[in-house]
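Visitor: I should like a close look at a single part of this structure, together with the spaces that surround it. Please proceed from that part outward in one connected account.

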Amino acid sequence: MQKSCIILAAGDGTRMKSSKPKVLMEVAFEPMIDWVMNAVIETEVIRKNIAVIYSAESVRSHIEKKYPRVNTFAQTERKGTGHAVMQAESFLQERGGDVLVLCGDAPFIDTETINESYELHKAHANTVTVITADVDAPFGYGRIIRHGDTVTGIVEEKDCTDEQRALTEVNSGAYWFNAEALLKALPRLTTANQNGEYYLTDTVKLLQNDAGAYKSTHSEITQGANDRRGLRALNDIAFRANIDRHSDNGVDVIGECYIARNVTIGQDTTILPGTVIRDNVTIGKNCTVGPFAHLRPNTRLADGVKVGDFVEVKNANIGEKTSIAHLTYVGDSDIGKGVNFGCGCVTVNYDGVNKARTVVEDNAFIGCNTNLIAPVRVGENAMTAAGSTVNKDVPAGALAVERAELRMRDSFKLNIQRKYKKK
Ligand code: UD1
Ligand code: MG
């Protein structure tokens, strides 16, 4: 049967106190909506069967740019999660089948949870399956009201009785619905609650004859961020999980490092304190990175590369056993094998209008404080002298020296000058 997905991303996120919409706020350097999108894309739901409900133009353009085949529906007035789903009624009618509804502000929903909850949804022939978890701090979440295996309702924090508030099984904000049943339930929603909103959660009460729950054992799948403290907590969880994954793969991560989700690191590589590794970076085996290195998107380090302190690498390929040991910027570059960068080198990649690439071939030696003005190529086994600004290609094996003559003034008499200065 057809599977589709609706992602709710129109909330205004007032409590974040930001000019940015909440779902574009970042967890481990990645907008929350991208985490959710990624989990869905890894399932069998195809992109043309995904709909995102937005209110901010920036959310719409982010989705259209990054996920061109995904549908977008505007929610011009924010009247609650039920009202958000109503904006996609035409989509639900066309797609039919089963629809997964997700919150754009709960980034840790994962493919396994989505797939397993779908199995349960089908096996029990439910019209709605709520994805839930037991949590230590249920404050702020909707509580699950059960009668055995049947879910009879979801009560929001503000609408809870004291007894309901003590329940620890909460609504993750993710559900599988039978699309037809959902379409029938939506018009029956009312705003008779503390917030005066159309709650999607009220559909569960309306569909309770066939409403079930998939209780996940990973409580973090429910975790959302409503304010900056919540966002910080999500970042802590995400960075920790990313580092744990690398540790399990044989990588040493020492001290505080910040590694994005989409990063590959080879065995026996060491990442030293203060290092930041952004999205889409690949690091080979037996490398050393840090302390205080910054690897920005689209960086590839081959095996045995050394990237030392205060080195930034961006959109660059670095060949085997190349060393960029101190205080250097390498951006938009293709660097060969066995290259040595001295201290304080810069690939000058930007002229204020365009970015250009730097190529350094195998075994070249870039002297300290060299500026490589791109586009430029340094040939195999070539060398640049310390302090040179190189704006022409350097042939293989050549030495490029750009340096004013060093002059000596014999009668300088430093001590006499100092003496007069003091007076
Ligand atoms: C919601 C659930 C709650 C659940 C929690 C999980 C409801 C009524 N409550 O509460 O049971 O435990 O999520 O995180 O559904 N949104 C829109 N349009 C709107 C309002 C919200 O698109 O008019 C989107 C938001 O961008 C967000 C999602 O819906 O991604 C959830 O909205 P939010 O306001 O965060 O609801 P919670 O109070 O967290
Ligand atoms: Mg929320």
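**Thr222 and the spaces around it**

Guide: In this predicted model, Thr222 is located in the loop that runs between strand 11 (211–216) and helix 9 (228–248). Its relative accessible area is 2%, and because burial is defined as a value under 20%, Thr222 counts as buried. When residues up to four places away in sequence are not counted, the residues that Thr222 touches are Ala106, Ala133, Val135, Tyr141, Val170 and Ser172.

Two of these contacts, Ala106 and Ser172, also appear in the lining of the largest cavity. A search of the whole structure gives one cavity of 30 Å³ or more, and the volume of the largest cavity is about 40 Å³. Its lining consists of Leu102, Cys103, Ala106, Ile109, Ser172, Gly173, Ala174 and Ile221. At least two residues of that lining come from each of strand 6 (98–103) and strand 10 (169–178). Strand 10 makes the greatest contribution to the lining of this cavity, with three residues. Sorted by class, the lining of the largest cavity comprises six nonpolar and two polar residues, with no charged residues.

Strand 10 also takes part in the largest pocket, to which it gives the largest share of the lining, four residues. The volume of the largest pocket is about 1600 Å³. Its lining has 49 residues, of which Arg15, Lys22, Asp105, Gly140 and Asn226 are the closest to the centre of the pocket. Strand 1 (3–9), helix 3 (81–86), strand 6, strand 10 and helix 9 are the elements that give two or more residues to this lining. By class, the lining of the largest pocket divides into 17 nonpolar, 20 polar and 12 charged residues.

One of the residues closest to the centre of the largest pocket, Lys22, merits a separate description. Lys22 is in the loop between strand 1 and strand 2 (26–27). Its relative accessibility is 10%, so Lys22 counts as buried. With neighbours within four places in sequence left aside, Lys22 is in contact with Gly13, Met16, Met32, Asp105, Ala225 and Asn226. Among these contacts, Asp105 and Asn226 are likewise listed with the residues closest to the centre of the largest pocket.

Asp105 leads to the ligand. A polar side-chain atom of Asp105 is 3.1 Å from an oxygen atom of ligand 1. Backbone atoms are also involved: a polar backbone atom of Leu8 lies 2.9 Å from an oxygen atom of ligand 1, and a polar backbone atom of Gly142 lies 2.9 Å from an oxygen atom of ligand 1. There are 22 residues around ligand 1, and those that come nearest are Ala10, Gln75, Thr81, Glu156 and Asn171.

The second largest pocket holds about 500 Å³ of space. Of the 19 residues in its lining, Trp35, Phe108, Ile109, Asp110 and Arg261 are the closest to its centre. Ile109 is thus named here and also in the lining of the largest cavity. Helix 1 (32–41), helix 5 (111–123) and helix 9 each give at least two residues to the lining of the second largest pocket. Helix 9, which follows the loop of Thr222, provides the largest share, five residues. The lining of the second largest pocket has nine nonpolar, four polar and six charged residues by class.

Strand 11, at the other end of the loop that holds Thr222, includes Tyr214. The relative accessibility of Tyr214 is 13%, and Tyr214 therefore counts as buried. Apart from neighbours within four places in sequence, Tyr214 is in contact with Thr113, Glu116, Ser117, Leu120, Thr129, Val130, Ile131 and Thr132. With one of these residues, Glu116, the contact is polar and joins side chain to side chain at 2.6 Å. By contrast with these contacts, Tyr214 and Ile373 are 58 Å apart in space, C-alpha to C-alpha, and 159 residues apart in sequence.

A residue in another loop completes the account. Glu42 lies between helix 1 and strand 4 (50–54). Its relative accessibility is 52%, so Glu42 counts as exposed. Glu42 and Glu112 are separated by 70 residues in sequence, and by 9.5 Å in space from C-alpha to C-alpha.

Methods:
Residues numbered from 1 in each chain as written. Chains lettered and ligands numbered in written order. Predicted model: local features only at pLDDT ≥ 70, side-chain atom pairs only at ≥ 80, totals over all residues. Heavy atoms only, no water. Buried < 20%, exposed > 50% of the residue type's maximum accessible area, 1.4 Å probe, protein only. Contact = heavy atoms within 4.5 Å. 1 Å grid on protein atoms, 1.4 Å probe; cavity = no way out; pocket = protein on both sides within 12 Å on 5 of 7 lines; lining within 4 Å. Points joined across faces, edges and corners; volume = space filled by probe spheres on them. Nonpolar A, V, L, I, M, F, W, Y, C, P; charged D, E, K, R; others polar. Near = heavy atom within 4 Å. Polar contact = N/O pair within 3.5 Å; in protein donor to acceptor, adjacent residues only side chain to side chain.
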